[in-house]
Structures are given as C-alpha cells and as structure tokens.
Amino acid sequence: MKENYEMHIEVRPSSIHGNGIFTNIFIPEGKEIMIINGEVIDEQECVRREDNNNVYIFWNGNTYIDSSKTEKIKYINHKCDFNCEVIDRDEYSLMLVSYRDINAGEELTIDYGYEEIYEACCCSLCA
Ligand SMILES: [Zn+2]
C-alpha cells in the first residue's frame, strides 16, 4: 500500500520564516508527498496578485497555481539546501516529491528558484 505522507505533514512555526511545514515521519528519497493545487491563473493575474503580496503562487508551465487557500503547501519555505522538489503533474496541479531522505521532525523545503530569493536568503550556503 502506498503511504499517505500528506496526513503526517503539519504546519508549525519555522526558524526560516513565519510558519513552515514539517513531517512527523521519515520520508525516503523520491516519494510523492502531496499534490500542489489551487486556483489556476494566467501570467497577467499572477503578476497582479504578486504585486498584492500574494507569495503562494507556483509556476506550472503556461499557467500558475495560486495555493493561498490551501491548508499546508502554502507554508512551504525556501531553502537553498532544500529537501523537496516540485515536479509536473497536470494542467491543474503539481506534485511535491522528496529530493532526499527526510527525517521525522524536519521542515520540508524547496528551492523557490527565482533571483530575489537568494538575495534575501539567510541560509548557510548564502551567508
Ligand atoms: Zn540560501
């Protein structure tokens, strides 16, 4: 049976920024953790929302996914030494996958992958 990792993910205060998402169980490398979905919007709408400080938007090829109404994935933080990655799924969603083994209690992180994030980043790789 396929493990349901999403039910073991919880939102907690993060030392990186604000809230983050943490796993309560060990997740081996290469496992599907949770679907990333939300409202599908175009680039123009994405720019408009980002100008209004919506920081919960994922790029999905020709469209964007606004995850601001989700309970968990919206809180995933950036880390240059990330432990998760986002992979393609379909027009309406993406998939969060473990990039390496992740221990119980660790915060899940991804590389946001845009220039400004590295300038603001305080991690050991950037410092
Ligand atoms: Zn960094």
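1. Val-40 stands opposite Ile-65 in S6. The model is predicted. Strand S4 and strand S6, the latter covering residues 63-66, are antiparallel partners, with three bridges between them.

2. S4 and S6 belong to an open sheet of three strands. The order is S4-S6-S5, and the pairing is antiparallel. S4 (39-41) and S5 (57-60) stand at the edges; each has a single partner strand, so one side of each is left without a neighbour in the sheet. On average, neighbouring strands of this sheet are turned by 30° against each other, direction ignored.

3. A second sheet deserves its own point. It is open too, with four strands in the order S1-S2-S10-S7 and mixed pairing. Its edge strands are S1 (9-13) and S7 (77-78), each of which pairs on one side only.

4. Start with S1 and S2. They run antiparallel and are joined by five bridges. Val-11 has Ile-21 in S2 as its bridge partner. The two strands form a hairpin with five residues between them. What sign does phi take at Gly-18 in this hairpin? Positive, near 50°.

5. Now the other neighbour of S2. Strand S2 (residues 19-23) pairs with strand S10 (residues 107-110) in the antiparallel sense, over two bridges. Two residue pairs can be checked in the viewer. Ile-21 has Leu-108 in S10 as its bridge partner. Phe-22 has Glu-107 in S10 as its bridge partner. Ile-21 therefore deserves a look from both sides: it is the bridge partner of Val-11 and of Leu-108.6. Next, S9 and its partners. S3 and S9 pair in the antiparallel sense, with five bridges. Here Ile-36 stands opposite Leu-94 in S9. S8 and S9 are also antiparallel, with six bridges between them. Asp-90 has Ser-93 in S9 as its bridge partner. Two residues separate S8 from S9 in the hairpin that they form.

7. The faces of S9 are split. Which residues make up its covered face? They are Leu-94, Leu-96 and Ser-98. The uncovered face holds Ser-93, Met-95 and Val-97. Leu-94, opposite Ile-36 in the pairing with S3, is thus on the list for the covered face. Ser-93, the partner of Asp-90, is on the list for the uncovered one.

8. On to the interior. The largest nonpolar core has 22 residues. Ile-33, Met-34, Ile-36, Phe-58 and Leu-96 have the most contacts inside it. Six elements are named as giving two or more residues to this core: S3 (32-37), S5, S6, S8 (84-90), S9 (93-98) and S10. S3 gives the most, with three residues.

9. Phe-58 is one of the core residues with the most contacts there. What does Phe-58 touch, leaving aside its neighbours within four places in sequence? Its contacts are Ile-36, Tyr-64, Ile-65, Ser-67, Val-86 and Leu-94. Several of these have appeared above. Ile-65 stands opposite Val-40. Ile-36 and Leu-94 stand opposite each other across S3 and S9.

10. In review, two places repay inspection. One is Phe-58 with its contacts, including Val-86 and Leu-94. The other is the hairpin of S1 and S2, with Gly-18 at a positive phi.

Note on methods
Residues are numbered from 1 along each chain as its sequence is written. This is a predicted model: local features need pLDDT of at least 70, side-chain atom pairs count only at pLDDT 80 or more; totals for chains, interfaces and linings use all residues. Two strands pair if DSSP finds at least two bridges between them. Axes are lines fitted to C-alpha atoms, for helices over the stretch in contact, and angles run from 0 to 180 degrees between N-to-C directions. A nonpolar core is a set of buried Ala, Val, Leu, Ile, Met, Phe, Trp, Tyr and Cys residues joined through C-beta atoms within 7 Å. A residue is buried if 20 or more other C-beta atoms lie within 10 Å of its own, exposed if 12 or fewer, and partly exposed in between; C-beta atoms are placed from the backbone. Two residues are in contact if their C-beta atoms, placed from the backbone, lie within 7 Å.
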